[in-house]
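Me: I should like to go through the terms applied to this model and ask what stands behind each of them.

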Amino acid sequence: QPITYYSPHGALGDALSLLGAPEQKVSIIGLGVGAIACITRPGRSYDYYEIDPDVVKIAEDRRYFTYLSDCGSPYKTIIGDGRLKMAEAQDGIYDMVIVDAFSSDNIPVHILTLEALQIYSKKLKPGGIMLYHISNRHLDLEPVLKVLARDAGYEAVIKMTPADPLPEDPKILYQKSIYVAMTRSPEQIATLKAKGWEDMVAPEGFRTWTDDYANIAAALRVFQKTPSRFVAQPGTGK
């Protein structure tokens, strides 16, 4: 049963439900413990890009975690920098690319730039979907993704899933989570909005992050003049 940020009944489940092909190939930058692999479907497989080989060893060790071993999703791990390894992948093979590496206070900016998104876009099938998990206690990445989508020619929507009890054990909470979906399909955007996803906002003059420019300070909540409408506090469930 995936927990923390990975509720199959929240934003993540909404986005994955858009994938309707009999065979679905999903790329994920950031393995963690492999919880997303538990959102299964016949014909769906996951390629995990993970920079740290020790993370792979821990996620695959059944003494600690059993998401990868027991949930049944075919998967592959590719060890190395996610952006560089994704650049080596065949073009047009993924139905969805999920970027899931932003929950710490030291985010990898180089996978959040316009040039990085251009790489990921080449790996998507026609009608493919970009999904960013941006839950973070310290950084508000909504404006970063808003202008990034605009400059890359995507429509983008955002959804916060509140903390809810696990149905099987009310003492365990899903953590509040925030996801951004990007697509060039108006129909997919309409489907997500019907599920509670919202248009995104960014302060006037906010610049797109590129390989030559990024402004972490502008994304820090402590420096923002108005509080973010979504605040996810990892580790608290609040």
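**Terms and their grounds**

Reply: The buried residues of helix 7 (residues 186-194) are Gln188, Ile189 and Leu192. Their C-beta directions from the helix axis span an arc of only 100°, so they lie on the same side of helix 7. The model is predicted: local features require pLDDT of at least 70 and side-chain atom pairs pLDDT 80 or more, whereas totals for chains, interfaces and linings use all residues. Residues are numbered from 1 along each chain as its sequence is written, and side-chain values use heavy atoms, without hydrogens and water.

Me: What makes a residue buried or exposed, and which residues are exposed on the other side of helix 7?

Reply: Buried means under 20% relative accessible area, exposed over 50%, and partly exposed in between, with a 1.4 Å probe and protein chains only. On the other side of helix 7, Glu187 and Ala194 are exposed.

Me: What do the buried residues of helix 7 pack against?

Reply: They pack against helix 1 (11-16), strand 5 (124-133), strand 6 and strand 9; contact here means heavy atoms within 4.5 Å. Helices (H or I, at least four residues) and strands (E, at least two) are DSSP runs, numbered from the N terminus. Helix 7 lies across strand 5, strand 6, strand 9 and strand 10, at about 20° to strand 6. Such angles run from 0 to 180 degrees between N-to-C directions, the axes being lines fitted to C-alpha atoms, for helices over the stretch in contact.

Me: How do you know that strand 6 pairs with strand 9 and with strand 10?

Reply: Two strands pair if DSSP finds at least two bridges between them. Strand 6 and strand 9 (residues 177-183) are antiparallel over seven bridges, with Val157 opposite Ala181. Strand 6 and strand 10 (residues 198-199) also run antiparallel, joined by two bridges, and Ile158 stands opposite Glu198. Strand 6 (residues 155-161) is mostly covered, five of its seven residues being buried.

Me: Why is strand 10 called an edge strand?

Reply: The eight strands form an open sheet of mixed pairing in the order 3-2-1-4-5-9-6-10. Strand 3 and strand 10 each pair on one side only and are the edge strands. Within the sheet, strand 1 and strand 4 (residues 94-99) are parallel over four bridges, and Ser27 has Val97 as its bridge partner in strand 4.

Me: Why is His133 called buried, and what joins its side chain to that of Asp100?

Reply: His133, in strand 5, has a relative accessibility of 2% and therefore counts as buried. A polar contact of 2.7 Å joins the two side chains. The term requires N or O atoms within 3.5 Å; within protein, one must be able to donate a hydrogen and the other to accept it, and residues adjacent in sequence count only if both atoms are side-chain atoms. Beyond its neighbours within four places in sequence, His133 is in contact with residues including Tyr5, Phe102 and Tyr179.

Me: How do you know that Cys38 and Cys71 form a disulfide, and why is it called right-handed?

Reply: A disulfide is a pair of cysteine sulfur atoms within 2.5 Å, and the S to S distance for Cys38 and Cys71 is 1.7 Å. The torsion about their S-S bond is about 60°, so the disulfide is right-handed. Cys38 is buried because its relative accessible area is 14%, whereas Cys71, at 25%, counts as partly exposed.
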